[in-house]
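Let's take a guided walk through this one. Have a look at the picture first, then read on.

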Amino acid sequence: MDKAELILNLKKQIIQYVNILDYKPDQIGDDLPLFGPDGLGLDSIDALELSVMLEREYDIKLTNPAEARKIFVSVNSIAEYIISTKSSE
Amino acid sequence: MYITDLRAISPQATFDAGGLQDHPTSHSGNKYNAQEPDYAGLIAPILLRRMGKSIRMGIGAGLPLIQNQRNIDAIIIGSSEGGLEDCIKFLNQIVLYKEGTLTPTNFVQSTPNALAGSLALMSRNTCYNITHVHKGNAFENALIDAMLLFEEGKADTILAGNVEEISDYNFNIETLAGQFKVEDSTSENLLESGTPGTVCGEGASMFILKDKADDYLARIVDVAQISYPTEEEILGLIMDTLKKNNLRPEDIDTLILGKSGDSHTDVWYTAVNRKLFQEQSIFTFKDLVGEYPTSIAFATYLAACLISGRNIGWKLILPPKPIKHILIYNHYKGVQHGLILMSI
């Protein structure tokens with residue numbers, strides 16, 4: 001899967017997992033901050049949902065909360081983390 | 001204790017009408033789904049996206065009441081099942097994902113006390129907060145809790161209410177157990193169906209209760225409950241409750257019965273009606289909202305509407321004389337029985 005395809009899939013999955021069904025994938029910019037008032041506005045419960053999403057959809061288990069903070073910055077940063085994790089396996 | 005404000009979300013258009021409509025909604029089939037209002041402006045979209053139906057209905061009915069009050073000393077909810085749909089989704093996920101990492105939202109939404117907690121968080125209320133989960137007597141216990149708080153001088157104003165939602169999973173299980181009718185019925189012929197089972201309902205009724213009030217809608221005089229009674233024990237409980245409040249059966253001018261159209265369990269209402277209350281006006285409510293464990297909360301809403309003269313709908317013909325005392329008698333599955341005595 002190339003990165004563009006991965007990013008599109010991630011956007012669809014994020015919409016489902018955090019239940020923002022009135023959003024379309026193209027409304028979520030690749031580098032839009034996922035958390036905070038200047039971005040998508042997700043919160044700490046959503047962070048748990050995203051962790052579950054990574055585990056179920058990509059078989060990646062996050063164990064370090066500090067690590068999660070760096071990964072869940074944007075769709076792009078999640079995609080990069082998935083690609084680097086899968087290539088090192 | 002006094003009811004000074006109330007709201008309900010139910011299978012009738014109670015939220016928008018502020019009572020029952022002139023022409024209540026007629027339901028067909030075996031599920032009477034609640035008519036939910038537009039929650040925009042009431043619940044922030046960021047919170048609403050995560051809420052299950054029971055939380056939505058409870059917040060929708062309860063939060064405006066809290067916002068209209070200066071101080072709330074307690075939030076007391078009666079709910080047998082809580083967010084049943086999310087609860088069963090969560091249980092299914094445990095199996096599906098082999099007890100691995102689970103998504104938290106379904107769990108957060110599914111506990112019965114999620115509503116009382118959400119109401120407190122959204123209104124920044126840090127006072128007494130409790131949920132009673134005694135199945136078919138959960139709402140009666142919530143009211144008794146409120147009465148005790150008033151008696152002990154620990155509260156002046158309380159939000160009390162109920163919530164229950166229809167879950168497809170649970171509906172199927174209960175149907176197999178004979179709780180719901182297998183044939184179709186309508187609101188008009190439900191109570192005369194003469195067949196086993198009833199119809200499934202849902203809703204949230206919320207009340208502002210005060211210990212003292214000059215301006216009020218209705219008064220809750222007494223609450224009583226009993227489980228696994230005999231017919232003699234039910235009749236005795238009714239007589240004792242009336243006597244305790246210096247009333248006789250003939251002082252009750254209106255009776256609200258929880259008749260559900262279930263030929264197996266409506267016999268209780270027939271006995272009470274025949275043996276104690278032959279002259280009274282009789283009202284029913286499960287043909288309007290269906291059966292659920294805390295449905296007596298809707299009967300309380302109906303009684304408050306009747307006493308305060310709010311719109312009460314086409315099928316409920318007012319008695320010729322003013323209403324002074326209403327007795328609500330309801331049971332759940334013929335096991336848990338509750339009485340609520342209300343007055344002007």
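## Chain A and its size

What radius of gyration would a compact globule with 89 residues have, and what does chain A have? A compact globule of that length would come out near 12 Å, and chain A has 12 Å, so the two agree. The radius of gyration is taken over C-alpha atoms, and the globule rule is 2.2 Å times the number of residues to the power 0.38. Along its principal axes, the C-alpha trace of chain A spans about 35 × 25 × 20 Å.

Before we go on, some housekeeping. This is a predicted model: local features need pLDDT of at least 70, side-chain atom pairs count only at pLDDT 80 or more, and totals for chains, interfaces and linings use all residues. Residues are numbered from 1 along each chain as its sequence is written, while chains are lettered from A and ligands numbered from 1 in the order in which they are written.

## What chain A is made of

Chain A has four helices and zero strands, so its elements read α-α-α-α from the N terminus on. Helices (H or I, at least four residues) and strands (E, at least two) are DSSP runs, numbered from the N terminus.Of the 89 residues of chain A, 27% count as buried. Buried here means that 20 or more other C-beta atoms lie within 10 Å of the residue's own; a residue is exposed at 12 or fewer and partly exposed in between, with C-beta atoms placed from the backbone. Among contacts in chain A between residues at least 6 apart in sequence, 56% join residues at least 24 apart. Two residues are in contact if their C-beta atoms, placed from the backbone, lie within 7 Å.

## Where the chains touch

How many residues of chain B are in contact with chain A? Nine residues of chain B are in contact with eight of chain A. On the chain B side, helix H5 (residues 104–110) gives the most, with three residues. By class, that side has four nonpolar, three polar and two charged residues. For the classes, Ala, Val, Leu, Ile, Met, Phe, Trp, Tyr, Cys and Pro count as nonpolar, Asp, Glu, Lys and Arg as charged, and the others, Gly among them, as polar.

## Two domains in chain B

Chain B is split into domain 1 (2–210) and domain 2 (218–343), with bounds that come from an automatic or database domain assignment. Taken over C-alpha atoms, the centres of these domains of chain B are 21 Å apart. Across the boundary, 48 residues of domain 1 of chain B are in contact with 41 residues of domain 2 of chain B. On the domain 1 side, strand S1 (2–9), helix H7 (138–151), strand S4 (157–164) and strand S5 (203–210) of chain B each supply at least two residues. The largest share there, six residues, comes from H7(B).

## The nonpolar cores

A nonpolar core is a set of buried Ala, Val, Leu, Ile, Met, Phe, Trp, Tyr and Cys residues joined through C-beta atoms within 7 Å. The largest one has 90 residues, and B:Ala146, B:Ile256, B:Leu302, B:Ala303 and B:Ile328 have the most contacts inside it. Helix H12 (residues 296–308) of chain B gives the most to this core, with 11 residues. Domain 1 (2–210) and domain 2 (218–343) of chain B each provide at least three residues of this core.

Let's zoom in on one residue. Leaving aside neighbours within four places in sequence, B:Ile328 is in contact with eight listed partners, including B:Ile256, B:Ala303 and B:Ile340. A second, separate core has 19 residues, among them A:Ala47, A:Phe72, A:Val75 and A:Tyr81.

## Strands side by side

Strand S9 (residues 325–332) and S10(B) pair in the antiparallel sense over eight bridges. Two strands pair if DSSP finds at least two bridges between them. B:Ile326 has B:Met342 as its bridge partner in S10(B), and B:Ile328 has B:Ile340. The two strands S9(B) and S10(B) form a hairpin with three residues between them, and B:Lys333 in the turn has a positive phi of about 60°.

Other strands join in too. Strand S6 (residues 218–227) of chain B runs antiparallel to S10(B), with eight bridges. Strand S7 (residues 254–257) of chain B runs parallel to S9(B), with four bridges, and B:Leu255 stands opposite B:Leu327 in S9(B).

Is S9(B) mostly covered or mostly open? S9(B) is mostly covered, with eight of its eight residues buried. On one side sit B:His325, B:Leu327, B:Tyr329 and B:His331, and on the other B:Ile326, B:Ile328, B:Asn330 and B:Tyr332, all of them buried. Strand S10 (residues 336–343) of chain B is mostly covered as well, with seven of its eight residues buried.
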